[in-house]
Every structure is written in structure tokens, then in C-alpha cells.
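Biologist: I'd like to learn how to read a fold from its coordinates. Can we walk through one together?

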Amino acid sequence: MPRDVIRIVQITDMHLFSNTEDVLLGVNTYQSFQTVLDLLKLDETQPDLILLSGDLSQDHKKGAYEYIVEAIQSLGIPACYVPGNHDDIEVMNEVLSSSTQIMRLKHLLLDQWQLILLNSQKPKSVEGYLARTELDFLEDCLKQYPSHRAIVVFHHQPMLVGSPWLDSSRLQNADELWSILSRHPNSHTVLFGHVHQEFQSEKNGIPCFSTPSTCIQFKRNSVDFALEKLPPAYRWIDLYQNGELKTGISRAAHYIGFFDAESKGY
Ligand SMILES: [Fe+2]
């Protein structure tokens with residue numbers, strides 16, 4: 001890539017349906033996703049890579065994933081993805097492979113940086129888990145490219161975000177993840193989705209970020225399930241050759257759809 005800055009844009013938790021009229025707790029997830037795409041198109045700095053970090057679909061149907069293909073094709077920007085608890089991995093891989101822009105990969109080597117994409121989906125569960133094969137893959141990448149700063153991506157949060165109902169479905173074996181990352185000084189940043197909110201923390205000196213959903217937002221620091229009336233958003237991540245990483249959220253101007261303040265779950 002010719003520029004001295006690489007821009008990644010993280011888009012997450014789209015929860016699309018195969019029917020574009022369907023809504024999730026008052027939000028038409030297709031329209032809300034399109035609003036985020038429109039926002040991205042207006043940004044004068046266009047990304048080099050789109051990162052889709054899970055829960056692409058709500059109904060697991062091919063049609064939902066076809067809207068992802070349409071969107072990425074219209075952007076004309078390469079993309080990669082990891083599955084969330086709501087995704088059907090088989091259907092997702094089948095449909096997304098029809099795109100010339102979407103790469104099915106677990107490792108991307110960039111200038112001075114490497115992106116490691118892990119599957120944290122635990123079959124038939126909402127909670128997250130990194131299988132031994134995923135953890136071994138992570139460690140192999142970190143060992144093989146010690147001079148490349150590593151950004152590790154998966155769906156579930158690897159730490160508490162302050163909402164007990166949501167934290168019960170966090171990455172269940174995060175200790176194994178942190179143990180590996182702490183052994184490798186090239187471990188740089190962790191990115192995840194699942195929590196439908198902007199969150200930033202640090203573990204063992206490693207910055208960790210989540211990104212708001214393109215549809216509904218979960219209320220921060222809430223004991224029980226609750227929504228927050230915040231517009232959808234994406235995260236931009238700029239990688240510099242000197243090892244610096246800058247990141248921030250770009251949020252749409254308005255909440256999309258009806259705000260269902262009484263909802264008790266989804
Ligand atoms: Fe989600």
C-alpha cells in the first residue's frame with residue numbers, strides 16, 4: 001500500500017435479515033446499515049480495508065449475507081470478516097465467497113503490521129470461546145512475524161464491559177488469550193464487537209476497543225438488558241509505520257427507527 005498510513009474501518013453487528021423490511025427492536029437493520037455505509041462514503045479518507053467483526057446476520061439466511069456482498073462490492077474496498085454468535089458460518093462463507101472484494105482469511109500481513117482474525121463462536125451458544133486451534137494459530141502468527149505489530153480480531157469481548165447481562169456471554173477462556181499475548185511483545189491491539197457500544201480498555205498494556213453496532217446499541221453499565229438511544233456507527237483505525245495506532249468512532253447523525261425503551265431482550 002503506497003500511503004504511509006493504513007486505514008482499517010471496523011463495521012460490526014449488522015444483524016441483517018433476508019427481508020429488508022424486518023426490524024430488530026424497532027430498528028430496520030438494513031436501513032441502519034445503509035446509513036452507516038453512507039456515512040463512510042462521505043468520509044474524505046477512504047479505508048484500505050473493511051473489517052466485519054461478526055453478527056452480520058440475524059436470521060442466518062443467504063439473503064442477509066447477500067446484502068453484505070452488495071454493500072462491499074459497491075464500496076469497492078477489500079474486506080475480511082470473523083463470525084459472531086448469530087452467524088451461520090457455512091452459509092456466511094458460501095455467500096461471502098461470491099464477492100470479489102471479500103477475502104476469507106485468518107491472517108493478513110501488512111507493512112509493519114499483521115492482522116490476526118479468530119473465530120470466537122462457540123457452537124449453539126451466545127457466549128464466546130477460542131478453540132485450541134484458534135489459540136495455536138494466534139501464537140504461530142505472533143512467533144512467525146515478531147517484527148510485525150499484531151492486531152487481533154474476534155467477536156466476543158475478552159474482558160468485562162460493566163454490564164452483567166452482557167458480560168455473561170463474554171469470551172469464556174480469555175485467560176488463555178491473555179497468556180499468549182503476554183508472551184509476545186508484538187501483541188499490539190485487540191478489536192472486537194458483540195457489545196453494541198463504544199468501549200475502550202487495556203489489559204497487560206494492550207489496548208482493546210469495541211465498536212458500536214450498525215443497528216441497536218446496548219445501554220452502557222446496565223445490570224439488565226436495556227437499549228441506549230445512540231445512532232449507529234463505525235470505527236476507523238489508522239496504522240502508522242512508526243507503530244502508532246490512532247482510532248475513533250464515526251457516528252451517524254440520528255437514531256434510525258423507533259426507539260424501543262421497554263424491550264427486555266432480543
Ligand atoms: Fe450483535
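Modeller: Sure, let's begin with a helix on a sheet. Helix 1 (residues 29-42) lies across strand 1, strand 15 and strand 16, running at about 35° to strand 15. Helices (H or I, at least four residues) and strands (E, at least two) are DSSP runs, numbered from the N terminus. Axes are lines fitted to C-alpha atoms, for helices over the stretch in contact, and angles run from 0 to 180 degrees between N-to-C directions. Contact here means that the C-beta atoms of two residues, placed from the backbone, lie within 7 Å.

Biologist: And what should I know about the model before going on?

Modeller: This is a predicted model, where local features need pLDDT of at least 70 and side-chain atom pairs count only at pLDDT 80 or more, while totals for chains, interfaces and linings use all residues. Residues are numbered from 1 along each chain as its sequence is written.

Biologist: How many helices and strands does the chain have?

Modeller: The chain has six helices and 16 strands. Its C-alpha atoms fill a box of roughly 50 × 40 × 35 Å along the principal axes. For 266 residues, a compact globule would have a radius of gyration near 18 Å, and the 17 Å of this chain agrees with that. The radius is taken over C-alpha atoms, and the globule rule is 2.2 Å times the number of residues to the power 0.38. Of the contacts between residues at least 6 apart in sequence, 71% join residues at least 24 apart.

Biologist: Back to the sheet under that helix. How do I read its strand order?

Modeller: Strands of a sheet pair through backbone hydrogen bonds, either parallel or antiparallel. We call two strands paired if DSSP finds at least two bridges between them. Here an open sheet of six strands has the order 6-5-4-1-15-16, with mixed pairing. Strand 6 and strand 16 (245-251) are at the edges with a single partner strand each, so one side of each has no neighbour in the sheet. Further in, strand 1 (residues 5-11) and strand 15 (residues 233-240) pair in the antiparallel sense over six bridges, and R7 stands opposite D238 in strand 15.

Biologist: What is the order of the other open sheet of six strands?

Modeller: That one runs 7-8-9-10-12-11, and its pairing is mixed. Strand 7 (107-109) and strand 11 (199-203) are the edge strands, each pairing on one side only. The twist averages 20° from one strand to the next. Strand 9 (residues 149-153) and strand 10 are parallel over four bridges, with I151 opposite T189 in strand 10. Strand 10 and strand 12 are also parallel, over three bridges, whereas strand 11 and strand 12 run antiparallel and are joined by five bridges. The hairpin of strand 11 and strand 12 has two residues between the strands, and N204 takes a positive phi near 50° there.

Biologist: Now burial. Is A79 buried or exposed?

Modeller: A residue is buried if 20 or more other C-beta atoms lie within 10 Å of its own, exposed if 12 or fewer, and partly exposed in between, with C-beta atoms placed from the backbone. A79 is buried because 22 other C-beta atoms lie within 10 Å. Its place is in strand 5 (residues 79-81). Leaving aside neighbours within four places in sequence, A79 is in contact with L49, I50, L52, I72, Q101 and I102.

Biologist: Which residues of helix 3 are buried?

Modeller: In helix 3 (residues 89-96) they are M92, V95 and L96. They cover an arc of only 90° around the axis, so they sit on the same side of helix 3. The arc is that of the directions from the helix axis to the C-beta atoms. E90 and E94, on the other side of helix 3, are exposed. The buried residues of helix 3 pack against helix 2, strand 5 and strand 6 (102-103).

Biologist: Which residues touch the most other members of the largest nonpolar core?

Modeller: A nonpolar core is a set of buried Ala, Val, Leu, Ile, Met, Phe, Trp, Tyr and Cys residues joined through C-beta atoms within 7 Å. Among the 64 residues of the largest one, L56, I116, L118, V152 and V153 touch the most other members. Helix 2 (residues 62-75) gives the most to this core, with six residues. Not counting residues up to four places away in sequence, V152 touches I116, L118, L138 and V190.
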